[in-house]
Amino acid sequence: LLPGAGLAGFGPSPDSSTPPDLLDVLHALSAASARPGVGPDPAARSCEGDVRPPDYARAYGGAARRLLLVEDDDARPPWWAALRDLPGARVLRGDSASTLRALAGELTTSETPSGA
């Protein structure tokens with residue numbers, strides 16, 4: 001998981017006092033449909049308003065065999081902190097490119113049969 005916009009989501013519990021700006025999401029979808037194939041999936045932006053309870057993140061992340069969290073010394077939301085303590089979680093520091101290279105190296109190493 002990489003840090004970036006929308007990481008905190010709508011917080012760890014429902015809060016109806018600040019609804020997500022659905023009009024903003026619709027504008028993003030409309031603009032992206034005018035330029036197909038350019039940039040990230042605009043529907044992902046709608047997830048910025050999702051509630052992210054730490055216990056749910058812990059249960060969901062616990063099902064993963066491997067979980068890579070990229071840190072850049074910025075504050076993290078509670079759900080991210082809950083993932084740090086999972087057995088399959090590994091925290092790396094650095095930029096996206098260097099951490100993806102580290103992950104690729106781990107995958108290559110773990111897929112090499114012993115004795116090869």
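**View 1. Arg-76 sits in the loop between strand S1 and helix H3 (78-84).** This is a predicted model, and the close-up starts with that loop arginine. Arg-76 is buried, at a relative accessible area of 16%. Its side chain has polar contacts with two acidic side chains: Glu-71 at 3.3 Å and Asp-72 at 2.5 Å. Since the cut-off for buried is under 20%, Arg-76 at 16% makes the list.

**View 2. Glu-71 belongs to strand S1, which covers residues 67-71.** Only 4% of its relative area is accessible, so Glu-71 counts as buried. Leaving aside residues up to four places away in sequence, Glu-71 touches Arg-76, Trp-80, Arg-84, Val-91, Leu-92, Arg-93 and Gly-94. Take Arg-93 from that set: it is 22 residues from Glu-71 in sequence, yet the two C-alpha atoms are 4.9 Å apart in space. With Trp-80, the Glu-71 side chain makes a polar contact of 2.8 Å.

**View 3. Here are the salt bridges, and a search of the whole structure turns up three of them.** Glu-71 pairs with Arg-76, with 3.3 Å between the closest N and O atoms. Both of these partners are buried. Glu-71 also pairs with Arg-84, and here the closest N and O atoms are 2.9 Å apart. That pair ties together distant parts of the chain, with Arg-84 in helix H3 and Glu-71 in strand S1, 13 residues apart. Arg-84 has 33% relative accessibility, so it counts as partly exposed, while Glu-71 is buried at 4%.

**View 4. Asp-72 and Arg-76 make another of the salt bridges, with closest N and O atoms 2.5 Å apart.** Asp-72 is partly exposed, at 36% relative accessibility, whereas Arg-76 is buried at 16%. Put the shared partners together and you get one salt-bridge network of Glu-71, Asp-72, Arg-76 and Arg-84.

**View 5. Now for the greasy side: the largest nonpolar core has seven residues.** They are Ala-57, Leu-67, Leu-69, Trp-79, Trp-80, Leu-83 and Leu-86. S1 and H3 are the elements that supply two or more residues each, and H3 gives the most, with three. Trp-80 is a handy landmark here: it is one of the core residues, and its side chain also has that 2.8 Å polar contact with the side chain of Glu-71.

Methods:
Residues numbered from 1 in each chain as written. Predicted model: local features only at pLDDT ≥ 70, side-chain atom pairs only at ≥ 80, totals over all residues. Heavy atoms only, no water. Helix = DSSP H or I, 4+ residues; strand = E, 2+ residues; numbered from the N terminus. Buried < 20%, exposed > 50% of the residue type's maximum accessible area, 1.4 Å probe, protein only. Contact = heavy atoms within 4.5 Å. Polar contact = N/O pair within 3.5 Å; in protein donor to acceptor, adjacent residues only side chain to side chain. Core = buried A, V, L, I, M, F, W, Y, C linked by side-chain atoms within 4.5 Å. Salt bridge = Lys/Arg side-chain N within 4 Å of Asp/Glu carboxyl O.
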